Amino acid sequence: MSSYALPRLLLERLAAADSVVVFTGAGMSAESGVPTFRGAEGIWSRFKPEELATMDAFLRNPQLVWEWYTHRRAIIATVQPNAGHRAVVALEKLIPRVAVVTQNIDNLHRRAGSTVVHELHGNIERNYCVTCGTPHDIGPGKTSAGVPRCASCGGLVRPDVVWFGEMLPDDEWDAAVRAASGADVCLSVGTSGVVYPAASIPAIARKAGALHADVNPEPGPLSETADVFIKGLAGAVLPDLVTRLEELRARPNITSPEEGH
Ligand code: APR
């Protein structure tokens with residue numbers, strides 16, 4: 001018996017939903033073995049973001065930053081999407097429009113099979129030249145020991161991720177805002193909700209009339225403003241939500257969808 005309940009309000013709104021946005025953070029991939037950023041074991045408790053995740057840091061010491069992303073690529077190449085990622089894919093069969101808006105650069109939503117994924121902070125499997133912008137494909141799982149040089153102009157090649165102080169990719173941000181503004185339900189999953197503008201996605205959805213449910217083992221800023229807070233792990237809560245929804249679809253006259261699990 002787990003510690004959370006699936007609120008009736010959320011189940012009913014999901015059952016009636018035409019459009020759902022799933023806003024995810026590092027906690028979504030934690031059960032796959034990808035480290036999160038904050039918290040006691042988080043990456044930022046061991047490394048300084050200003051030394052590894054800014055353009056200044058890259059220009060100051062490109063080798064150090066490249067080696068760090070090579071290290072993270074190697075971790076990501078060995079992990080698999082978890083039950084939470086797979087549940088988000090399953091939602092697509094139950095709800096007409098499901099859009100994933102993710103802060104994660106690990107490509108796990110796509111690898112799980114999600115068809116609509118807006119990557120607000122980029123993707124670690126892509127790279128480009130800092131001088132001419134030419135894409136530089138290293139290929140999933142492959143690494144380059146030294147900082148690659150651009151084949152076109154000889155410039156430094158960097159990972160296609162958003163570093164602190166950088167703008168989010170316009171097209172992904174615009175698509176994310178559209179998805180949030182048209183959603184009936186916004187599920188925020190596994191994010192501390194402290195990095196903006198990404199963390200404003202649930203508020204954008206709520207302002208447009210969506211019900212916002214936050215899923216996290218720890219309460220945080222998003223759970224305080226959410227309509228519903230589910231204190232649990234993504235890999236447990238999301239499959240349960242899908243199971244309940246499938247039951248509701250199979251037997252729409254169920255009177256008490258809300259029960260502890
Ligand atoms: N299921 C659900 N949530 C979890 C799980 C889990 N299994 N494990 C941890 N969490 C929660 C933590 O309680 C925390 O609130 O996931 C959250 C992870 O928060 P962060 O580490 O701050 O990650 P995130 O919110 O994605 O960070 C935002 O900050 O460092 C930058 O660019 C980076 O995209 C990242 C952004």
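Analyst: A crossing of two helices is right-handed if the near helix is turned clockwise from the far one by less than a right angle, and left-handed if it is turned anticlockwise. The model discussed here is predicted.

User: How does α1 pass α11, in a left-handed or a right-handed crossing?

Analyst: The crossing of α1 and α11 is right-handed. The axes of helix α1 (residues 8-16) and α11 come within 10 Å and cross at roughly 60°. On the α1 side the contact is made by L10, L11, L14 and A15. On the α11 side L241, R244, L245, L248 and R249 take part.

User: Why is α6 called roughly parallel to α11?

Analyst: The axes of α6 (residues 83-94) and α11 (residues 234-250) cross at roughly 25°. Angles under 35 degrees count as roughly parallel, and the crossing angle therefore makes α6 roughly parallel to α11. The two axes come within 7 Å, and the crossing is left-handed.

User: Which residues make the contact between α6 and α11?

Analyst: From α6 they are A83, G84, A87, V88, A90, L91 and L94. From α11 they are A234, G235, L238, P239, V242, L245, E246 and R249. L245 and R249 of α11 are also among the residues that contact α1.

User: What makes β3 and β8 edge strands?

Analyst: Each of them pairs on one side only. The sheet is open, with six strands in the order β3-β2-β1-β6-β7-β8, and the pairing is parallel. From one strand to the next the twist averages 20°. Helix α6 packs on this sheet and touches β1, β2 and β6; its direction makes about 155° with that of β2.

User: How do you know that β1 pairs with β2 and with β6?

Analyst: Two strands pair if there are at least two bridges between them. β1 and β2 have six bridges, in the parallel sense, and five bridges join β1 to β6, which also run parallel. As examples, T24 has T102 of β2 as its bridge partner, and V21 has C186 of β6.

User: Why is β1 described as largely enclosed?

Analyst: Six of the six residues of β1 are buried, so the rest of the structure largely encloses this strand. Both faces are covered: S19, V21 and F23 are buried on one side, and V20, V22 and T24 on the other.

User: How many residues of β7 are buried, and which way do they point?

Analyst: Five of the five residues of β7 (residues 211-215) are buried, and the strand is mostly covered. L211, A213 and V215 point one way, H212 and D214 the other way.

User: How do you know that β7 pairs with β6 and with β8?

Analyst: At least two bridges are needed for a pair. β6 (residues 185-189) and β7 share five, in the parallel sense, while β7 and β8 (residues 228-230) share three, also parallel. D214 appears in both pairings: it is the partner of S188 of β6, and its own partner in β8 is F229.

User: What do β6, α9 and β7 make together?

Analyst: They make a right-handed β-α-β unit, with α9 covering residues 201-207. The path from the first strand over the helix to the second runs clockwise when the strands point away from the viewer, and the crossover is therefore called right-handed.

User: Why is S188 called buried?

Analyst: Its relative accessible area is 0%, and buried means under 20%. S188 is found in β6. Leaving out residues up to four places away in sequence, S188 touches F23, P202, H212, A213, D214, V215 and L222. S188 and F23 are 165 residues apart in sequence and 4.6 Å apart in space, C-alpha to C-alpha.

User: Why does H118 count as buried?

Analyst: H118 has a relative accessibility of 13%. The cut-off is under 20%, so H118 counts as buried. H118 lies in β3 (residues 117-119), which is an edge strand of the sheet. Apart from residues up to four places away in sequence, H118 touches A99, V100, V101, T102, E172, A175 and A176.

Key: Residues numbered from 1 in each chain as written. Predicted model: local features only at pLDDT ≥ 70, side-chain atom pairs only at ≥ 80, totals over all residues. Heavy atoms only, no water. Buried < 20%, exposed > 50% of the residue type's maximum accessible area, 1.4 Å probe, protein only. Helix = DSSP H or I, 4+ residues; strand = E, 2+ residues; numbered from the N terminus. Axes fitted to C-alpha atoms, helices over the stretch in contact; angles between N-to-C directions. Parallel < 35°, antiparallel > 145°, perpendicular 65-115°, else oblique. Contact = heavy atoms within 4.5 Å.
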